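This report is meant for someone meeting the structure for the first time. It goes from one pair of residues to the sheet that holds them, and then to a single side chain.

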Amino acid sequence: MQHPSMLGIALLILVAVTTVVGPSSADGKASFEGTYQALSAILSKVSAKDVMDSYQRQTNTISLDPANLDQPHLLSVSVPSGATLQGYIEIDGHTRVPLSNTSKVIDVTPYLSESITRITIVGSYSPASGSVAIAFNGPDTVVQQQTGGTGRINYQLNLLVQ
């Protein structure tokens, strides 16, 4: 070999082929067919929507000053004019606030304590090509997030009071 990089390319190809084909069977024949059938069976049960939904969760963590717990901490969820939103806001796994219109604003101050408060926003919006805007406004804190393009929202906001 004249070029050292050719050795690297040859090794890369060998690793790629070994990974795709998988381990050999006892009689020396590659077990690619069995691996392919097993993969095909798994993929036939999963739709593209299922895959996208599982990767759509967005998460933010915000640190809050405990000295400001007596002031409003507002969470707003909204969609643009002409769009609709259905779902809920869940606080620490038990308090649910329904989302059934184009916007919702809640003061999360009563739910805050000197620990982590988990707020989850789950739902669907239409048109699916639209977006959902999430804003959190508190003393010395403003966070805005926008998600869109799937028709589903799965967002978690962790409020850490320390």
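## A sheet and one of its tyrosines

In this predicted model, Ile-116 has Leu-160 of strand E9 as its bridge partner. That bridge belongs to the pairing of strand E6, which covers residues 116-126, with strand E9, which covers residues 152-161, and the two strands run in the antiparallel sense over nine bridges.

Both strands are part of an open sheet of five strands, whose order is E1-E9-E6-E3-E4 and whose pairing is mixed. At the edges of this sheet lie strand E1 (58-64) and strand E4 (95-99), each of which pairs on one side only. From one strand to the next, the twist averages 15°.

Strand E6 also holds Tyr-125. Is Tyr-125 buried or exposed? Its relative accessible area is 4%, and because buried means under 20%, Tyr-125 counts as buried.

The surroundings of Tyr-125 include residues further along the chain: Gly-148 is 23 residues apart from Tyr-125 in sequence, and the C-alpha atoms of the two are separated by 9.0 Å. The side chain of Tyr-125 also reaches two backbone nitrogens, those of Gly-149 and Thr-150, as the table sets out.

| Side chain | Backbone nitrogen reached | Distance |
|---|---|---|
| Tyr-125 | Gly-149 | 3.0 Å |
| Tyr-125 | Thr-150 | 3.3 Å |

Taken together, Tyr-125 is a buried residue of strand E6, and its side chain reaches the backbone nitrogen of Gly-149 at 3.0 Å and that of Thr-150 at 3.3 Å.

Technical notes
Residues numbered from 1 in each chain as written. Predicted model: local features only at pLDDT ≥ 70, side-chain atom pairs only at ≥ 80, totals over all residues. Heavy atoms only, no water. Pairing = 2+ DSSP bridges. Helix = DSSP H or I, 4+ residues; strand = E, 2+ residues; numbered from the N terminus. Axes fitted to C-alpha atoms, helices over the stretch in contact; angles between N-to-C directions. Buried < 20%, exposed > 50% of the residue type's maximum accessible area, 1.4 Å probe, protein only. Polar contact = N/O pair within 3.5 Å; in protein donor to acceptor, adjacent residues only side chain to side chain.
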